[in-house]
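Work through the following exercises with the sequence and the model open beside you, and try each task before reading its solution.

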Amino acid sequence: MSKRFVIALVMALALAAPAAAQQRPLVTEDPETIGAGLILFEGGFDVQRDVFYPVSGLEGNLLRAPVLGLSFGVSSIAELQIDGGLYNRLSVTGREPAPLSSMLDFTGDKTSDVEDIVVATKIRLLSETPGRPALGVRFATKLPNASNENGLGLDTTDFYGTILIGKTVQSIRMVGNAGLGILGDPTRGDRQGDVLQYGVSVARAVRQGLEIVGEINGRFQPTEDEDAPPGTDSRAAMRVGGRFTHRTVRLDTGVILGMTSRDPGFGFTAGLTWVFRGFSVP
């Protein structure tokens with residue numbers, strides 16, 4: 001998988017054109033905000049194969065559709081983000097004993113639920129200049145919308161704090177994320193799991209409006225697996241794809257390659273993003 005990712009990036013870096021700081025199909029956050037009074041709407045779908053849920057013990061192929069996101073430019077340096085989804089469906093291919101497998105409440109080989117909603121605030125602290133990168137911070141809270149009875153949720157509230165850095169060099173946009181995640185224990189209300197969040201992405205414009213993008217994004221659990229709260233284990237995935245922007249609309253597509261046994265063996269994502277003037281900022 002690492003060789004595939006490197007080959008894709010090398011192909012992208014062999015071409016030249018100006019790059020823009022954009023989001024989908026990547027999940028690594030850019031420190032640049034969308035701008036005062038603007039609203040960003042994004043929607044799409046994911047198909048992921050061989051996904052494993054260690055808390056419910058379910059394994060299968062996952063469909064997420066639609067995956068939705070809204071961002072509001074509350075000032076020139078800050079934005080409010082709301083992300084989630086209406087429908088997650090897992091076609092179950094296997095089951096294993098797990099901490100909450102006894103709570104499963106569905107019949108057949110399919111289970112579905114909504115996506116957990118994430119509410120976040122992103123603030124750009126420093127603008128990018130020729131001699132320094134842009135710097136920002138993002139604070140996010142994941143709400144427990146998906147239920148553990150369906151096997152797709154944890155019923156925990158999680159908090160994330162992340163430092164964002166980004167720099168454009170000629171036609172290449174490079175972004176890095178590093179931070180801390182405080183994840184609730186789905187089996188005990190008096191315990192939490194602390195993880196290190198990270199992400200590195202590269203975007204290369206190959207012609208007017210067209211970019212090739214790639215990233216590695218995940219989290220690292222420093223505690224030994226047997227001591228870490230269930231559901232807080234290390235995760236990581238690579239994404240390689242492309243996006244095409246025309247005026248205020250951008251189309252994107254990409255593949256997902258899991259780097260741990262919990263992540264999908266292979267996945268595909270596609271969607272669109274629309275930015276428009278929504279309100280006036282006093």
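Strands are DSSP runs of E with at least two residues, numbered from the N terminus. The model used here is a predicted one.

**Exercise 1.** Find the strand in which glutamine 192 lies, and decide whether this residue is buried, partly exposed or exposed.

Solution. Begin with the position along the chain: strand 10 covers residues 192-207, and glutamine 192 lies in it. Next take the relative accessible area of glutamine 192, which is 45%. Buried means under 20% and exposed means over 50%, with partly exposed in between, so glutamine 192, at 45%, is partly exposed. As a last step, locate serine 261, which is 69 residues away from glutamine 192 along the chain, and note that the two C-alpha atoms are separated by 22 Å.

**Exercise 2.** Which residues form a negative surface patch, and where does aspartate 225 lie?

Solution. The patch is formed by Glu224, Asp225, Glu226 and Asp227. Aspartate 225 belongs to the loop between strand 11 (210-220) and strand 12 (235-246). With a relative accessible area of 63%, aspartate 225 is exposed, because the cut-off for that class is over 50%.

**Exercise 3.** Describe the peptide bond from arginine 24 to proline 25 and the one from alanine 65 to proline 66, and place each proline.

Solution. Arginine 24 and proline 25 are joined by a cis peptide bond with an omega of about 5 degrees, and proline 25 lies in the loop between helix 1 (2-13) and strand 1 (38-53). Turning to alanine 65 and proline 66, the bond between them is cis, with omega near -10 degrees; proline 66 is found in strand 2, residues 58-73.

**Exercise 4.** What is the sign of phi at aspartate 50 and at aspartate 155, and where is each residue found?

Solution. Aspartate 50, although not a glycine, has a positive phi of about 60 degrees; its place is in strand 1, and at 37% relative accessibility it counts as partly exposed. Aspartate 155, also not a glycine, has a positive phi of about 55 degrees. Aspartate 155 is found in the loop between strand 7 (134-142) and strand 8 (158-169), and at 40% relative accessibility it counts as partly exposed.

**Exercise 5.** How does the radius of gyration of the protein agree with that of a compact globule?

Solution. For 282 residues, a compact globule would have a radius of gyration near 19 Å, and the protein has 19 Å, which agrees. To complete the picture, add that the protein has one helix and 14 strands, and that buried residues make up 49% of its 282 residues.

How values were computed. Residues are numbered from 1 along each chain as its sequence is written. This is a predicted model: local features need pLDDT of at least 70, side-chain atom pairs count only at pLDDT 80 or more; totals for chains, interfaces and linings use all residues. Side-chain values use heavy atoms; hydrogens and water are left out. Patches are made of residues with over 30% relative accessible area and no salt bridge: like charges are joined within 9 Å, nonpolar side chains (Val, Leu, Ile, Met, Phe, Trp, Tyr) within 5 Å. Accessible areas come from the Shrake-Rupley method with a 1.4 Å probe; for residues, only the protein chains shown count as cover. A salt bridge is a side-chain nitrogen of Lys or Arg within 4 Å of a carboxyl oxygen of Asp or Glu. Lys and Arg count as positive and Asp and Glu as negative; His and the chain ends are not counted. The place of a charge is taken as NZ of Lys, CZ of Arg, CG of Asp or CD of Glu. Helices (H or I, at least four residues) and strands (E, at least two) are DSSP runs, numbered from the N terminus. Buried means under 20% relative accessible area, exposed over 50%, partly exposed in between (1.4 Å probe, protein chains only). The radius of gyration is taken over C-alpha atoms; the globule rule is 2.2 Å times the number of residues to the power 0.38.
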